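Here are a few notes to read with the model open beside you. Have a look first, then go through the points.

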Amino acid sequence: MTALSNLVLLCTHHHLVMHKEEWEVTITDGFPLFRPPPWIPGGPRRNQVHRIDLPMSA
């Protein structure tokens, strides 16, 4: 179900990458956490540009 509380804004390029490479996005404490597919190293990621108080991984 689509709701404003679970939306993440992405540019066209990253929207396509999310679907093509099967990334998973979860909302934690109101902020997105991006989990790459198993073949992409690095683990979960957060964009810290606007929220430096958030850790890079969960």
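Where is Ile40 found?

1. Ile40 sits in the segment after strand 2 (31-35). Quick housekeeping: this is a predicted model, where local features need pLDDT of at least 70, side-chain atom pairs count only at pLDDT 80 or more, and totals for chains, interfaces and linings use all residues. Residues are numbered from 1 along each chain as its sequence is written, and side-chain values use heavy atoms, with hydrogens and water left out.

2. Overall, the protein chain has one helix and two strands, in the order α-β-β from the N terminus. Helices (H or I, at least four residues) and strands (E, at least two) are DSSP runs, numbered from the N terminus.

3. Back to Ile40: apart from neighbours within four places in sequence, Ile40 touches Glu21, Trp23 and Arg45 (contact means heavy atoms within 4.5 Å). Glu21 is 19 residues away along the chain, with 9.1 Å between the two C-alpha atoms.

4. Strand 1 (residues 24-28) and strand 2 run antiparallel, joined by five bridges; strands pair if DSSP finds at least two bridges between them. One of the partnerships is Glu24 with Arg35. The two strands make a hairpin with two residues in between, and Asp29 in the turn has a positive phi of about 55°.

5. Check Glu22, in the loop between helix 1 (12-20) and strand 1. Glu22 is not a glycine, yet has a positive phi of about 60°. Most residues other than glycine have a negative phi.
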